[in-house]
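Q: Please take a close look at one part of this model, and explain in connected prose how its side chains pair with others. I am new to the structure, so please give each term its cut-offs.

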Amino acid sequence: MRVLAAAAAAMCFCAPSFSDSSTYPQPLADALAMGYAAPEDAFWRFTMRVSMNNAVMDVRFDGAQADGEDWTLLSPASPDVLPEELSGMWAEMNTPDDPDDAGNGRRLSVGSGGGLFFSPETAQMIAGDVQLAAGGGYTFRPDLDPDSDEAESMAEHLNGEIALASSGHVERIRIFAPASFKPNPAARIHEFEMVMDFQSVEGLPAPVMTSMSTVVDVSALFQRQQQNVRFDFSDVEYVEP
């Protein structure tokens, strides 16, 4: 179950192919240009609430601390009372990164190159076919990893929506499956949705992610699994030496 949520998030944060946003309507092109890639020596501090199905835990991240010691459990009082899914996630948070990985332990990798920022890589998820939406905002064709056959089979079944704030920045990105589909002969995805919300914060160079949620309902190997995960970020601090 926990792996499903991680996979759903990863599919939307892999390296998409480049699309020239300058050809998009001017308000959207300007919003996408607000992305910011955090430098390697920058780090974050924030509080994160993880809601997984009916379970909740609150944690604090401090990127100035050593890798493997940068997360603090705020609630519940002890990891011993965490349900299985959250217990596994907590264990992963406290496991130092593999030195062979490209990631940096001082920086959260939610937004690929930007941490919590709306980043240039996040902007490239808007791959084309941009249209004005009837209720405001835009619809678009999302692009997952073009080098992955599995991601390509997913992408052709997904739609995208993007909303802009009154101040002009990207406020929400939603990627979803409008109908159930089979990414391969052995599996059926009954429901897929990922939503990212961003907010402009005074003093920071780009909008910051305030929440990310994924909903996955999939049948595979004669089993049906459902996962509903939400991450809410607050008390965000960003330090760039």
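A: A residue is called buried under 20% relative accessible area, exposed over 50%, and partly exposed in between (1.4 Å probe, protein chains only). The model is predicted, so local features need pLDDT of at least 70 and side-chain atom pairs count only at pLDDT 80 or more, while totals for chains, interfaces and linings use all residues. Residues are numbered from 1 along each chain as its sequence is written, and side-chain values use heavy atoms, with hydrogens and water left out.

The part chosen here is strand β1, residues 43–52, where strands (E, at least two residues) and helices (H or I, at least four) are DSSP runs numbered from the N terminus. W44 lies in this strand and is buried, with a relative accessible area of 0%. Rings of Phe, Tyr and Trp (its six-membered ring) pair if their centres lie within 6.5 Å, with planes under 30 degrees apart counted as stacked, over 60 as edge-to-face and the rest as tilted. By this rule there are nine aromatic pairs, and among them is that of W44 and F117, which is edge-to-face because the ring centres are 4.7 Å apart and the planes stand at 65°. F117 sits in the loop between α3 (84–93) and α4 (120–123), 73 residues from W44, and F117 is also buried, at 1%. W44 pairs with Y238 too, with centres 4.7 Å apart and planes at 50°, so this pair is tilted. Y238 belongs to strand β11 (residues 223–239), so the pair ties together parts 194 residues apart in sequence, and Y238 is buried, at 14%. Together with Y36, the residues W44, F117 and Y238 form one aromatic cluster.

Also in strand β1 is R45, which is partly exposed at 24%. Its side chain meets that of D62 in a salt bridge (3.0 Å, N to O), a term for a side-chain nitrogen of Lys or Arg within 4 Å of a carboxyl oxygen of Asp or Glu. D62 lies in strand β2 (residues 55–62), 17 residues from R45, and counts as buried at 19%. A second salt bridge joins R45 to E237 (3.8 Å, N to O); since E237 lies in strand β11, the pair ties together parts 192 residues apart in sequence. E237 is partly exposed, at 37%. R45, R60, D62 and E237 are linked in a network of salt bridges, and the structure holds ten salt bridges. Another of them joins D217 and R224 (2.8 Å, N to O), where D217 counts as buried at 5%.
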